[in-house]
Amino acid sequence: MEFNKGQKIIGIRVLSDNVIWLWKNSNSAVVIDPALSQPVIEYLKAHNLNLEAILQTHHHSDHIGGTRDLIKEWPNVKVIASAKEKDRIPFQNLSVRDGDKVRLLDKDVQVIEVIGHTKSHIAFYFNDNVPVLFIGDTLFSAGCGRVFEGTYKQMYNSLKKIKSLPKKTVIYCAHEYTKSNLIWALDLEPENQIIKNKLVEVEKKIALNKLTIPCLLEEEMQINLFLRADNLKRFSYLRANKDSWV
Ligand code: ZN
Ligand code: FE
């Protein structure tokens, strides 16, 4: 997507379903959760871009796997990660906490802690002409992250934080899970026409080999059962249901 002053965010597909987001202007770039280094290095070199920062949402290898090699290539790069993850994201050189602000590509980027998937997962948010959220594995289009280290209550509260952002927020999640999430949602709500329509739209994009993300908060409020859950009991029911769904 394209926004203010020629800045752009592009997605690089890697592994089976990861998407590495690359946010750039005409001479610098910020990369979010580089699972691998090679495709990022190739892109940045081909476009003559300096790597200003790497944002890490959490410690899983499919999010930090490429970071060490990117540091070798750009030794001055800022590696921004949760101060609570110094052991599991050891190469971080700019440690942040909930509410911190970092200046990147001329914008104030805010750190929002969204725990549940891991015990110290963070997201990165900025509000320019378009509000943008890099959410890692906390939210997916029509789905949410598995609760590995936290509690259902923590994850539910993290989703509430997302819901409090402007409705026009564009959400960049780290996996392309949209289609299977929608099929699951239709299992639970077979008559839901909005979700049916969304599935048709998503299948068209996939047939054209296009990404189905980023997603828009406003639309997720309609198609994402986890975001629609208005109490912890309902959220917990959905999360457990999805965990055992095949
Ligand atoms: Zn993860
Ligand atoms: Fe992941």
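These legends describe close-up views of a predicted model.

**View 1. Asp137 bridges two metal ions.**
Asp137 lies between the iron ion (ligand 2) and the zinc ion (ligand 1) and bridges them. The two ions are 3.1 Å apart. The residue belongs to a loop, with β11 (131-136) on one side and β12 (139-140) on the other.

**View 2. The iron ion (ligand 2) has four donor residues.**
Asp62 (OD), His63 (NE2), Asp137 (OD) and His175 (NE2) coordinate the iron ion (ligand 2). Their distances run from 2.1 to 2.4 Å. Along the sequence, the spacing of these donor residues reads D-H-x73-D-x37-H. Asp62 and His63 are both buried. What is the arrangement of the four donor atoms around the iron ion (ligand 2)? It is irregular, because the donor atoms subtend angles of 83 to 170°. For reference, ideal tetrahedral angles at a metal are 109.5 degrees.

**View 3. Asp137 is buried and has no salt bridge.**
Which side chain of opposite charge is nearest to Asp137? It is Arg146, at 9.7 Å. A salt bridge would need the nitrogen and oxygen atoms within 4 Å. Asp137 makes polar contacts instead. One joins its side chain to that of His117 at 3.2 Å. Another joins it to the side chain of His175 at 3.3 Å. His175 is also a donor to the iron ion (ligand 2), through NE2. Leaving out residues up to four places away in sequence, Asp137 touches several histidines: His58, His60, His63, His117, His121 and His175. Its other contacts are Asp62, Gly145, Met155 and Ala174.

**View 4. Lys45 and Glu73 pair across two helices.**
Side chains of opposite charge can pair when their charged atoms come close. The structure holds 17 salt bridges. In one of them, Lys45 meets Glu73, with the closest N and O atoms 2.4 Å apart. Lys45 sits in helix α1 (residues 38-46) and Glu73 in helix α3 (residues 67-73), so the pair ties together parts that are 28 residues apart in sequence. Lys45 is partly exposed, at 49% relative accessibility. Glu73 is also partly exposed, with a relative accessible area of 35%.

**View 5. Glu203 and Lys179 link helices α6 and α5.**
The closest N and O atoms of this salt bridge, between Glu203 and Lys179, are 3.7 Å apart. Glu203 is in helix α6 (residues 193-207), and Lys179 is in helix α5 (residues 178-188). The pair links distant parts of the chain, 24 residues apart. Glu203 is partly exposed, at a relative accessible area of 35%. Lys179 counts as partly exposed too, at 33% relative accessibility.

**View 6. Arg239 and Asp243 pair within one helix.**
Their side chains form a salt bridge of 2.8 Å, N to O. Where do Arg239 and Asp243 lie? Both are in helix α9 (residues 232-243), four residues apart, so about one helical turn separates them. Is Arg239 buried or exposed? Arg239 is buried, because its relative accessible area is 2%, under the 20% cut-off. Asp243 is partly exposed, at 30% relative accessibility.

**View 7. Shared partners build a salt-bridge network.**
Lys198, Glu201, Lys205 and Glu219 belong to one network. Salt bridges that share partners join these residues.

How values were computed
Residues are numbered from 1 along each chain as its sequence is written. Chains are lettered from A and ligands numbered from 1 in the order in which they are written. This is a predicted model: local features need pLDDT of at least 70, side-chain atom pairs count only at pLDDT 80 or more; totals for chains, interfaces and linings use all residues. Side-chain values use heavy atoms; hydrogens and water are left out. Helices (H or I, at least four residues) and strands (E, at least two) are DSSP runs, numbered from the N terminus. Buried means under 20% relative accessible area, exposed over 50%, partly exposed in between (1.4 Å probe, protein chains only). Lys and Arg count as positive and Asp and Glu as negative; His and the chain ends are not counted. A polar contact is a pair of N or O atoms within 3.5 Å; within protein, one must be able to donate a hydrogen and the other to accept it, and residues adjacent in sequence count only if both atoms are side-chain atoms. Contact means heavy atoms within 4.5 Å. Donors are N, O and S atoms within 2.8 Å of the metal (3.2 Å for Na, K and Ca); water is not among the atoms, so sites may look incomplete. Four donors count as tetrahedral if all angles lie between 85 and 135 degrees; four count as square planar and six as octahedral if opposite donors are over 155 degrees apart and all others between 65 and 115; anything else is irregular.
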